[in-house]
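Visitor: I am new to this structure and would like a close look at a single part of it, the empty space inside. Please take me through that part slowly, and then through what lies around it.

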Amino acid sequence: GRPADALPLEQRALHISESALGPAHPDVAVALANLAITYKDLGRPGDAVPLQQRALHISVTAFGRDHPRVAIRLGNLALTYRDLGRPREALPLQQRALQISESARSPRHPDVAIALANLARTYRNLGQTADARRLERRISGQHELSSR
């Protein structure tokens, strides 16, 4: 709850990770993502975008395009675009994040549910309510299956 205090710590953590591991190490992607969250918490989502883009690039290089960590990075970047009022840029990232999650996880995995919910919200932001409802029904169906 104190992002202003966290900012210099996150910046230092990123510097240490890059110095110790090199700029393309997967742990650097984690440090970048954490710093991006802090910027978002400070109301500075525009500062988060290049960090998230770099974290995504590192993750794709380290794990491949279809890895669940890539889906998380895509989803986080998409949420930031949506926060910036850029849902059209968020949409393809969220669609890809859902595709990766569905391929890598079981249909009832929380990552799939999160990707569905985020994509549904973006569809609503774009006025595509039929698409949003279709995804929301899938989420409801998954919830009913998991509570049995």
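**The enclosed space and its surroundings**

Guide: In this predicted model, a search of the whole structure finds one cavity of 30 Å³ or more. The space in this largest cavity comes to about 50 Å³, and the residues that line the largest cavity are Ala33, Ala36, Ile37, Gln52, Ala55, Arg73 and Asn76. Three elements give two or more residues to that lining, namely helix H2 (26-41), helix H3 (45-63) and helix H4 (68-83). Of these, H2 provides the largest share of the lining, with three residues. Sorted by class, the lining of the largest cavity has four nonpolar residues, two polar residues and one charged residue.

From the cavity we can turn to the packed side chains, where H2 and H3 appear again. The largest nonpolar core has 13 residues, and those with the most contacts inside it are Leu14, Val28, Leu32, Leu35, Tyr39, Leu51 and Ile58. Helix H1 (3-21), H2 and H3 are the elements that give two or more residues to this core, and the largest share of it, seven residues, comes from H2. Leu35 offers a closer view: leaving aside residues up to four places away in sequence, Leu35 touches Leu7, Glu10, Gln11, Leu14 and Leu51. There is also a second, separate core of twelve residues, which includes Leu56, Val70, Leu77 and Leu93.

The next feature is an open space rather than an enclosed one. The largest pocket has a volume of about 180 Å³, and the residues lining this pocket are Ala71, Ile72, Gly75, Asn76, Leu79, Gln94, Ala97, Ser101, Asp111, Ile114, Ala115 and Asn118. Asn76 therefore belongs to two linings, that of the largest cavity and that of the largest pocket. H4, helix H5 (87-104) and helix H6 (110-125) each supply at least two residues of the pocket lining, with H4 giving the largest share, five residues. By class, the lining of the largest pocket has six nonpolar residues, five polar residues and one charged residue.

One of the pocket residues, Asp111, leads on to the charged pairs, of which the structure has ten that count as salt bridges. Asp111 forms a salt bridge with Arg105, and the closest N and O atoms of the two are 3.3 Å apart. Arg105 has a relative accessibility of 30%, so Arg105 counts as partly exposed.

Another salt bridge joins Glu136 and Arg124, with the closest N and O atoms 2.8 Å apart. Because Glu136 lies in helix H7 (residues 129-146) and Arg124 in helix H6, this pair ties together parts that are twelve residues apart in sequence. Both partners are partly exposed, Glu136 with a relative accessible area of 29% and Arg124 with a relative accessible area of 38%.

A further salt bridge is found within H7, where the side chains of Arg134 and Asp131 meet at 3.8 Å, N to O. Arg134 and Asp131 both lie in helix H7 and are three residues apart, which is about one turn of the helix. Arg134, at 38% relative accessibility, counts as partly exposed, and Asp131 is likewise partly exposed, with a relative accessible area of 28%.

Key. Residues numbered from 1 in each chain as written. Predicted model: local features only at pLDDT ≥ 70, side-chain atom pairs only at ≥ 80, totals over all residues. Heavy atoms only, no water. 1 Å grid on protein atoms, 1.4 Å probe; cavity = no way out; pocket = protein on both sides within 12 Å on 5 of 7 lines; lining within 4 Å. Points joined across faces, edges and corners; volume = space filled by probe spheres on them. Helix = DSSP H or I, 4+ residues; strand = E, 2+ residues; numbered from the N terminus. Nonpolar A, V, L, I, M, F, W, Y, C, P; charged D, E, K, R; others polar. Core = buried A, V, L, I, M, F, W, Y, C linked by side-chain atoms within 4.5 Å. Buried < 20%, exposed > 50% of the residue type's maximum accessible area, 1.4 Å probe, protein only. Contact = heavy atoms within 4.5 Å. Salt bridge = Lys/Arg side-chain N within 4 Å of Asp/Glu carboxyl O.
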